[in-house]
Amino acid sequence: MAAEKDNRPALLSSVDWRELIYRGVESQTLDYKAAQDWNALPRVGKAKFARHAMAMANTKGGYIVVGVGEDENGNPTRYTGLTESQLRSFDPSTVGQFVNLFADPGIDFDIVRPEVDGRYYAVFAIRRFGGLPHVCADHCGDELQQGVFYARTPDARSRSAYRASELHGLVQRALRNQREVLGRMLRGVLYEGRQYPEADAEQEFSRLLQGSKEECRKWIGPRRLQRFCCFELAVYPPEIFSEGVDLSDLKRAVDSVALPVMSDFPLAGQAAGEIFFTNHSLTCRHLREVGEEFAGRFHFWHFFQLGLFHHLSSLVDLEPDRRVPYELLVNRVGSAIEAVGELYSELGCEDEILTFTVTLTNVEGVWLDLSDRATAESEDRPVCYIPEIVVRKRRSVADLVSDPVEHAVRVVREVCERFNLSADRHPDLRRRLDRLLG
């Protein structure tokens, strides 16, 4: 059974499976199913999974957890897990082939088999649609109707999108996705390097950023910060949002980001921690604890009404071996760039040139672990000799949204240069990011 767990997709390696499985409440992005064997299900039973998958893909993306049944009150709190034969039956190729018989275009999803507290579960990790929403291509009993767009509702139902607002949302997102592809070709090259922040805006964003950093240091504590290699992201547009943006609009933008993509860069939902409004920002603070003990993971972010987004999180505990896993670094950078594009696009800033800075702190003497035994044992392993890594870029929002993989590749390569890793030593970087963001 251990081999099953080791086959988890790289992009989901940092998901807190325990938190996801024990959440106990279904939502727009989460559904639970009792233990069952895929091969023993009738066609209509399998079609139910296809309906949920299409609905989530057409909304925000999400997870379907198999192995959690309902208690006598109808709450998903019976954590039975799956037997070995049940677990094997949820083969990604077999299930994917069936589900995508009904979805046009095909749904992009993975099936992961995590182990939690000695029990195994099958989890569908479903990405939100890219170019076009998914229409049902065939009927199946009472579960699926041909020609219907399914959507996921806030009360955790997967039903046909019959309301005008739901259909309008699908059409608008599809049009925006197509517009962003064209925008990358037309705007990305033309605007890059020409639109810079005004001096007054730069000063104001700098002031907000310093205040946000100081608040985070006080909240986490300087001693804890020194234990970690921390990941920091600061993003701002060329001009201050002169009238400011409504706090509710900031929350809507944050909530719109697809959940599976955010597994390593949490923004919204219960997994993101404590989210609240201040007088001038939307703020999130999350400190993971086990009992009364600090468990070594935290993240903090501010999204200011004037346009600045600032994020600081633990990347890895440097005790005892002072190493940063390459895969973790790639996932964090890729997810962050995806999030930045989606956040500002939701605010209608497609034509803006964002300035974003990626920073890694406490990296002096830290080495980059490529998960390669020869590299780990070699005296030539990649090591950073400076205390802080800073990579700054300017890109249009449309460019970031339409091709996040290309921009993530560039940022990862520049970060890894500071670890003295040459470009030819990256292990399948583009393939990893295609898998993560594709």
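# A tour from strand E9 to the cores

Start by selecting strand E6 (residues 109-112) together with E9: the two pair in the antiparallel sense over four bridges. Keep in mind as you click around that this is a predicted model.

**Stop 1: around strand E9**

Zoom in on Ile 111 and look across to E9, where its bridge partner is Phe 124. Now add strand E2 (residues 62-66) to your selection. E2 is joined to E9 by five bridges, and these two strands run antiparallel. Which residue of E2 stands opposite Phe 124? Select Ile 64 and you have found it.

Next, show the side chains of E9 itself, residues 122-126. Are they mostly covered or mostly open? Mostly covered: five of the five residues in E9 are buried. Turn the strand and you'll see Ala 122, Phe 124 and Ile 126 pointing one way, with Val 123 and Ala 125 pointing the other way. Both sets are buried.

**Stop 2: an aromatic cluster**

Stay on Phe 124 and add Trp 38, Phe 49, Phe 90, Phe 98, Phe 102 and Phe 109, which form one aromatic cluster with it. Then pick Phe 98 and bring up Lys 46, which lies over the face of that ring at 5.8 Å from its centre.

For another charge over a ring, jump to Trp 367. The charged end of Arg 381 sits over the Trp 367 ring, 4.1 Å from its centre.

**Stop 3: a pair of rings**

How many aromatic pairs does a search of the whole structure find? There are 16. For one of them, select Phe 303 and Phe 309: the ring centres are 5.5 Å apart and the planes are at 90°, so this pair is edge-to-face. Two things describe any such pair, namely the distance of the centres and the angle of the planes. Check the surroundings too: Phe 303 is buried, with a relative accessible area of 0%, and Phe 309 is buried with a value of 0% as well.

**Stop 4: the nonpolar cores**

Keep Phe 303 on screen and add Leu 233, Tyr 344 and Leu 360. These four have the most contacts inside the largest nonpolar core, which has 60 residues. Which helix gives the largest share of this core? Colour helix H10 (residues 326-346), which supplies eleven residues.

Click on Leu 360 for a closer look. Beyond its neighbours within four places in sequence, its contacts include Cys 229, Phe 231, Leu 329, Ile 389 and Phe 419.

There is a second, separate core of 32 residues, and Ala 47, Phe 102, Ala 103 and Cys 140 are among them. You have already met Phe 102, back in the aromatic cluster.

**Stop 5: Thr 357 in strand E19**

Now select strand E19 (residues 353-361) and find Thr 357 in it. Is Thr 357 buried or exposed? Its relative accessible area is 16%, and buried means under 20%, so Thr 357 counts as buried. Leaving aside neighbours within four places in sequence, Thr 357 is in contact with Glu 232, Leu 233, Ala 234, Val 390, Val 391 and Arg 392. Leu 233 should ring a bell from the largest core.

**Last stop: zoom out**

Show the protein whole. Its secondary structure comes to 14 helices and 21 strands, and 54% of its 438 residues count as buried. Switch on the surface: the accessible area is about 19600 Å², and 46% of that belongs to carbon and sulfur atoms. Finally, among contacts with a separation of 6 or more, 74% are between residues 24 or more positions apart.

Technical notes: Residues are numbered from 1 along each chain as its sequence is written. This is a predicted model: local features need pLDDT of at least 70, side-chain atom pairs count only at pLDDT 80 or more; totals for chains, interfaces and linings use all residues. Side-chain values use heavy atoms; hydrogens and water are left out. Buried means under 20% relative accessible area, exposed over 50%, partly exposed in between (1.4 Å probe, protein chains only). Contact means heavy atoms within 4.5 Å. Accessible areas come from the Shrake-Rupley method with a 1.4 Å probe; for residues, only the protein chains shown count as cover. Rings of Phe, Tyr and Trp (its six-membered ring) pair if their centres lie within 6.5 Å; planes under 30 degrees apart count as stacked, over 60 as edge-to-face and the rest as tilted. A charge sits over a ring if NZ of Lys or CZ of Arg is within 6 Å of the ring centre and within 35 degrees of the ring normal. Two strands pair if DSSP finds at least two bridges between them. A nonpolar core is a set of buried Ala, Val, Leu, Ile, Met, Phe, Trp, Tyr and Cys residues joined through side-chain atoms within 4.5 Å.
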